[in-house]
Amino acid sequence: MSERYPIISITGSSGAGTSTVTRTFANIFRREGVRAAIVEGDSFHRYDRAEMKQRLADAEKAGDKHFSHFGPDNNLFGELEALFRGYAQTGHGRIRKYLHNDEEAAPYRQPPGTFTAWEDIPDNTDMLFYEGLHGAVVTPEHNIAQHPDLLIGVVPVINLEWIQKLWRDKHQRGYSTEAVTDTILRRMPDYVNYICPQFAHTHVNFQRVPMVDTSNPFIARDIPSADESMVVIRFANPKGIDFPYLLNMIHDAYMSRANTVVVPGGKMELAMQLIFTPFIWRMMERKRRVTP
């Protein structure tokens, strides 16, 4: 952790909705004049799309039914931890981008599914912002969770997560239901061992819970909308959180436990703005106090 070079880390499983959190923070950074170094978790995968496809085929031939993007063998945990540690100490580090599609790849004149070259984080950033799968991973070899100043978990209940992945992979990537189901099953051990444990280290968790029937996610035709959901917000340490203010500002919000607020799904971004803007203020104030 660092007062001079703070780190915010958003961690969540694939299709969990971390992009919504990223958009919310982008709005806060713009409004508050914060210069953030943005780090995409996919850029710390070990293999590009073609390499991963080949290694998956090799794993299946060898009888490995649990080869996935979620585990340590296919990610650069050491490099990610080194980035967090180095940035917290010096405000510098090396990052790259993973180019998901033609639109992202066009400016770099590279095929989609590849990485850009590693490059230095620009000088004079105020903080580092990470969003991806492994922002709070702890293994025997690495402890990434110890470095961020603010750790946020974003995860839907499991059936909703599967519905979101099925819809995205079928409609945006052209996969069959059978192929997506196979991916879900293949990832399950790594999901249990490397994704779920992260949410015990986070400072704030957001979990979206559908208010409609999702009992069989494999036949669902639509993703439950925000208005068909509630969001459970759990604070690991509620000290300093102004719960009366949140309840007053968010219509139909209520507290289910002493450290937990439940808000309508459509109010999740508003809740994030209200909760995290003061965090950013405090980080920037501490940074100003210790910066010569």
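This is a tour of selected strands, one serine, several enclosed or open spaces and two loop residues in a predicted model.

**Strand 7 and its neighbours**

Start by selecting residues 204-210, which form strand 7. Five of its seven residues are buried, so strand 7 is largely enclosed by the rest of the structure. Now add residues 150-156, strand 6, which pairs with strand 7 in the parallel sense over five bridges. Then add residues 229-235, strand 8, which runs antiparallel to strand 7 and is joined to it by seven bridges.

Valine 204 in strand 7 is a useful residue to centre on. Isoleucine 152 stands opposite valine 204, and in strand 8 the bridge partner of valine 204 is phenylalanine 235.

**Serine 229**

Stay in strand 8 and select serine 229. Is serine 229 buried or exposed? Its relative accessibility is 2%, and because buried means under 20%, serine 229 counts as buried.

Show the side chains next. Serine 229 and arginine 208 are joined by a side-chain polar contact of 2.7 Å. A polar atom of the serine 229 side chain also lies 2.9 Å from the backbone oxygen of serine 225. Leaving aside residues up to four places away in sequence, serine 229 touches Arg208, Val209, Pro210, Met211, Pro224, Pro264 and Gly265.

For a distance across the model, pick the C-alpha atoms of serine 229 and asparagine 143: they are separated by 33 Å, with the two positions 86 residues apart along the chain.

**The second largest pocket**

Move to the second largest pocket, whose volume is about 360 Å³. It is lined by 16 residues, and those closest to its centre are Asp149, Leu150, His203, Phe279 and Arg282. Select residues 268-290 to bring up helix 8, which gives the most to this lining, with four residues. Coloured by class, the lining of the second largest pocket shows eight nonpolar, three polar and five charged residues.

**The cavities**

How many cavities of 30 Å³ or more are there? The count comes to two.

The largest cavity has a volume of about 100 Å³. To find it, select Phe70, Glu161, Trp162, Ile184 and Tyr191, the closest to its centre among the 10 residues that line it. Helix 5 (158-171) and helix 6 (177-195) each supply at least two residues of this lining. By class, the lining of the largest cavity has six nonpolar, one polar and three charged residues.

The second largest cavity has a volume of about 40 Å³. Select Gly41, Phe44, Asn75, Leu76, Phe77, Leu80, Tyr130 and His134 to display its lining. That lining divides into five nonpolar, three polar and no charged residues.

**Two loop residues with positive phi**

Finish in the loops. Arginine 109 is placed between helix 4 (102-105) and strand 4 (119-120). Its phi is near 55°, a positive value in a residue other than glycine. At 80% relative accessibility, arginine 109 counts as exposed.

The last selection is asparagine 124, in the loop between strand 4 and strand 5 (127-132). Phi of asparagine 124 is near 65°, again positive in a residue other than glycine. Asparagine 124 counts as exposed, at 59% relative accessibility.

Notes: Residues numbered from 1 in each chain as written. Predicted model: local features only at pLDDT ≥ 70, side-chain atom pairs only at ≥ 80, totals over all residues. Heavy atoms only, no water. 1 Å grid on protein atoms, 1.4 Å probe; cavity = no way out; pocket = protein on both sides within 12 Å on 5 of 7 lines; lining within 4 Å. Points joined across faces, edges and corners; volume = space filled by probe spheres on them. Nonpolar A, V, L, I, M, F, W, Y, C, P; charged D, E, K, R; others polar. Buried < 20%, exposed > 50% of the residue type's maximum accessible area, 1.4 Å probe, protein only. Pairing = 2+ DSSP bridges. Contact = heavy atoms within 4.5 Å. Polar contact = N/O pair within 3.5 Å; in protein donor to acceptor, adjacent residues only side chain to side chain.
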